[in-house]
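Reader: Please take a close look at the side-chain links in this model. I would like to know which residues pair, where they sit in the chain, and how buried or exposed they are.

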Amino acid sequence: MLGYTIVVAILAYFLLFSGFFINRDRIPSYWIWFHYMSLVKYPYEAVLQNEFDDPVKCFTKGVQIFDNTPLGAVPEAMKLKLLESLSNTLGMKITSSTCLTTGADILQQNGITDLSKWNCLWVTVAWGFLFRILFYFTLLLGSKNKRR
């Protein structure tokens, strides 16, 4: 029972510091070691890189920036006027077909720039082998049912 309690507590910290809830850039420097020790970090980053690593795919175009905001219910013509106003304010041309968010932008916002998806896979496999070896030595040294 104590083992379950300890594992749940450690997994909660792994989830917290993996980059899913808190980006690596926002983790305090005295906790950053836990980010790199997290068992969830490497598979999570590999999945994100697999999904968002396409350099030509656009995830947000033009008027889509208003989706999931209070301005989402505004008519399309008003959204185009808002885009035009934004264009004038920012000094750049933003149309309804302008790509505003790419996969590289999403990866950078999430702070996923350290390892490639394949390196993340190898780190995950290495963690698995490490725990297998630790489990073997635990059974070897701690087992009460030893063969003679």
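Author: What follows goes through the salt bridges, then the surroundings of one helix, then the disulfide, and ends with the chain as a whole.

The model is predicted, and side-chain atom pairs are counted only at pLDDT 80 or more. Under that condition the structure holds 3 salt bridges. In general, side chains of opposite charge can pair when their charged atoms come close.

Arg-24 is a suitable starting point. Its side chain meets that of Asp-114 in a salt bridge, with 2.8 Å from N to O. This pair links distant parts of the chain: Arg-24 belongs to the loop between α1 (2-17) and α2 (32-37), while Asp-114 belongs to the loop between α5 (103-109) and α6 (117-142), and 90 residues separate the two. Arg-24 also forms a salt bridge with Asp-25, at 3.9 Å from N to O. A salt bridge is counted within 4 Å, so the pair of Arg-24 and Asp-25 qualifies at 3.9 Å. Taken together, Arg-24, Asp-25 and Asp-114 are linked in a network of salt bridges.

The members of this network can be placed by their accessibility. Arg-24 has a relative accessible area of 15%, so it counts as buried. Asp-25 is exposed, because its relative accessible area is 56%. For Asp-114 the value is 38%, and therefore this residue is partly exposed.

The remaining salt bridge to describe is that of Glu-45 and Lys-41, whose side chains meet at 2.9 Å, N to O. Both residues lie in helix α3 (residues 41-52), 4 residues apart, which is about one turn of the helix. Glu-45 is buried, and Lys-41 is buried as well.

Helix α3 itself has 12 residues. From its first C-alpha to its last it reaches 16 Å, close to the 16 Å expected at 1.5 Å a residue. Its buried residues are Lys-41, Tyr-42, Tyr-44, Glu-45, Ala-46, Leu-48, Gln-49 and Phe-52. The elements that cover them include α2, β1, α5 and α6.

Ser-18 is another residue to consider beside this helix. It lies in the loop between α1 and α2, and its relative accessible area is 1%, so it is buried. Leaving aside residues up to four places away in sequence, Ser-18 touches His-35, Ser-38, Val-40, Lys-41 and Tyr-44. Lys-41 is thus both a contact of Ser-18 and the salt-bridge partner of Glu-45. Ser-18 and Glu-45 are 27 residues apart in sequence, with 8.8 Å between their C-alpha atoms. Within its own loop, a polar atom of the Ser-18 side chain lies 3.5 Å from the backbone nitrogen of Phe-20.

The next link is covalent. A disulfide is a covalent bond between the sulfur atoms of two cysteines. The structure holds 1 disulfide, which joins Cys-58 to Cys-99 with an S to S distance of 2.2 Å. This pair links distant parts of the chain: Cys-58 is in strand β1 (residues 58-61), Cys-99 is in strand β2 (residues 99-102), and the two are 41 residues apart. The angle about the S-S bond is 110°, and the link of Cys-58 and Cys-99 is right-handed.

Cys-58 has 22% relative accessibility, so it counts as partly exposed. Cys-99 is also partly exposed, with a relative accessible area of 34%. A further cysteine, Cys-120, is at 0% relative accessibility and therefore counts as buried.

These links belong to a protein chain with 6 helices and 2 strands. Read along the sequence, the elements follow the pattern α-α-α-β-α-β-α-α. The radius of gyration is 23 Å, well over the 15 Å that the globule rule gives for 148 residues, so the chain is more spread out than a compact globule. Along the principal axes, the C-alpha atoms fill a box of roughly 85 × 30 × 30 Å. Buried residues make up 23% of the 148 residues. Among contacts between residues at least 6 apart in sequence, 58% join residues at least 24 apart.

Terms used. Residues are numbered from 1 along each chain as its sequence is written. This is a predicted model: local features need pLDDT of at least 70, side-chain atom pairs count only at pLDDT 80 or more; totals for chains, interfaces and linings use all residues. Side-chain values use heavy atoms; hydrogens and water are left out. Buried means under 20% relative accessible area, exposed over 50%, partly exposed in between (1.4 Å probe, protein chains only). A disulfide is a pair of cysteine sulfur atoms within 2.5 Å. Contact means heavy atoms within 4.5 Å. A polar contact is a pair of N or O atoms within 3.5 Å; within protein, one must be able to donate a hydrogen and the other to accept it, and residues adjacent in sequence count only if both atoms are side-chain atoms. The expected span of a helix is 1.5 Å times one less than its number of residues. The radius of gyration is taken over C-alpha atoms; the globule rule is 2.2 Å times the number of residues to the power 0.38.
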